[in-house]
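Please look over the sequence and the three-dimensional structure shown below before reading on. The paragraphs that follow lead from an enclosed space to the strands, the core and the loops around them.

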Amino acid sequence: MAAGFPAVRPRRLRRTAALRRLVAQTSVRPADLVLPLFAKEGISEPQPVASMPGVLQHTRDSLRKAAVEAVSAGVGGLILFGVPAVKDARGSAADDPAGIVQLALGDLVAEVGDETVLMADLCMDEYTDHGHCGMLTLSGQVDNDATLERYASIAVAQAAAGVHVVAPSGMMDGQVAAIRSALDAAGFGEVAICAYSAKYASAFYGPFRDAAECAPQFGDRASYQQDPAGAGEAEALREVQLDLDEGADIVMVKPALAYLDVISRVAAAVPVPLAAYQVSGEYAMVEAAAANGWLDRDRVIMETLTAIRRAGASIILTYWATEAARRLH
Ligand code: PBG
């Protein structure tokens, strides 16, 4: 070998596709993916979401079809969000047995049942006229403990409608314990909790607020969601530990791509499955750039999913779930 040339050559293992496949360590399985779905009350045709091209607000009928497609593609689960026709201060539609999410869950139980995992977002912002994730005090602050009573009741309504996993996303202190004890007391001890444990007050949720029609009418969510510049990984680990102590079965970090460091730290620390939510803004960013011809859309989608898995998430919530699952077969 000529002096000065390298003897150690990592490129040897990258030479052919077969070599790269042999040494690959990160894979995404269709069953790792969870598809978020929006069910809107009072529409007769599915409605496109302007800031999320390809995502729809579903009718009960189109929702069933989307669920069947996802399940046939091998997607691991579905997470349902309801968009009610009428909103009020206490988010009454959220725990109404005839509310859109409960009806849609019933439809999905009938259509796909135990073939997939039916999850429901458990929060109030889609259901309140003020758009906050909880009950308000007279001065307009989010009242933590009054909100817990509402979350407990919503959990029981979703469980009665047939959900497998409830996913509290409001970041109230004590929400997992309140939900666990309400579910147990109502005879739903088998319903699991996927806690949005480390959820940041993120601008990446912008497009979701169009899809779920839940932008806060005043203020923001910074008093309950975590500060991106806050106490960092320690704060995330503390939130996760509290949720585990309260009975969470799965914990979640959200958003995903801008928080891979948090995913990685939490994955190393917890003994339960870790979910990561590739949120609406992550989706919109890629779709918008691709529509302009600025990115190779399909490769970027798979690269982001691989990065989230590599960071340590075992479950990924993504609006591309069905499409990605098909491509992974
Ligand atoms: C709250 C909730 C939000 C998202 C999931 N659950 C919005 C928020 O916290 O403002 C965002 C999901 C996304 O952006 O894709 N119910």
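In this predicted model, the largest cavity holds about 150 Å³ of space, and a search of the whole structure finds 1 cavity of 30 Å³ or more. The cavity is lined by 20 residues, and those that lie nearest its centre are D125, K199, Y205, F208 and K254. Two elements, strand β7 and helix α6 (206–211), each supply at least two residues of this lining. One of the central lining residues, K254, is also joined to P255 by a cis peptide bond, with omega at about -10°. P255 itself is found in the loop between β8 (250–254) and α8 (260–269).

Strand β7, which contributes to the cavity lining, is a useful place from which to follow the sheet. It is largely enclosed by the rest of the structure, because 8 of the 8 residues of β7 are buried. Strand β7 is joined to β8 by 5 bridges, and these two strands run parallel; within this pairing, A198 stands opposite V253 in β8. β7 (residues 192–199) also pairs with β6 in the parallel sense, in this case over 2 bridges. Here V165 stands opposite A192, while V166 has I193 as its bridge partner.

Moving on to strand β6 (residues 165–168), one finds that both of its faces are covered: V165 and A167 on one side, and V166 and P168 on the other, are all buried. In a regular strand the side chains alternate between the two faces of the sheet. β6 is joined to strand β5 (residues 117–122) by 4 bridges, with the two strands running parallel, and L122 stands opposite P168 in that pairing.

The connections between these strands pass through helices. β5, helix α4 (residues 144–160) and β6 make a right-handed β-α-β unit. From β6 the chain then crosses through helix α5 (residues 175–185) to β7, and this β-α-β crossover is right-handed.

How do the side chains of this region come together, and which residues touch the most other members of the largest nonpolar core? That core has 103 residues, and Y151, L183 and I263 are the ones that touch the most other members. In soluble globular proteins, nonpolar side chains tend to be buried together. For L183, leaving aside neighbours within four places in sequence, the contacts are with A155, V156, A159, V166, F188, G189, V191 and I193. Two of these contacts, V166 and I193, are the residues already met as bridge partners between β6 and β7.

The loop between β6 and α5 deserves a separate look, since two of its residues can be set side by side: M171 and D173. M171 has a phi near 60°, a positive value in a residue other than glycine, and it counts as buried because its relative accessibility is 7%, below the 20% cut-off. D173, by contrast, counts as exposed, because its relative accessibility is 53% and the cut-off for that class is over 50%. Even so, D173 is in contact with N144 and L148, when neighbours within four places in sequence are left aside. The C-alpha atoms of D173 and L148 are separated by 8.5 Å, although the two residues are 25 residues apart along the chain.

A further positive phi in a residue other than glycine is found at E213, where the value is near 50°. E213 is placed in the loop between α6 and α7 (232–246), and at 31% relative accessibility it counts as partly exposed.

Finally, there is the largest pocket, which has a volume of about 370 Å³. Of the 22 residues that line it, L35, G54, V55, Y319 and T322 are the closest to its centre. The elements that each supply at least two residues of this lining are β1 (33–40), β3 (56–58), α2 (60–73), α9 (280–291) and α11 (321–327).

Terms used:
Residues are numbered from 1 along each chain as its sequence is written. This is a predicted model: local features need pLDDT of at least 70, side-chain atom pairs count only at pLDDT 80 or more; totals for chains, interfaces and linings use all residues. Side-chain values use heavy atoms; hydrogens and water are left out. A nonpolar core is a set of buried Ala, Val, Leu, Ile, Met, Phe, Trp, Tyr and Cys residues joined through side-chain atoms within 4.5 Å. Buried means under 20% relative accessible area, exposed over 50%, partly exposed in between (1.4 Å probe, protein chains only). Contact means heavy atoms within 4.5 Å. Two strands pair if DSSP finds at least two bridges between them. A crossover is right-handed if, with the strands pointing away from the viewer, the path from the first strand over the helix to the second runs clockwise. On a 1 Å grid over the protein atoms alone, a cavity is a set of points where a 1.4 Å probe fits but cannot get out, and a pocket is an open set with protein on both sides within 12 Å along at least five of seven lines; lining residues have an atom within 4 Å of a point. Grid points are joined across faces, edges and corners, and a volume is the space filled by probe spheres set on the points.
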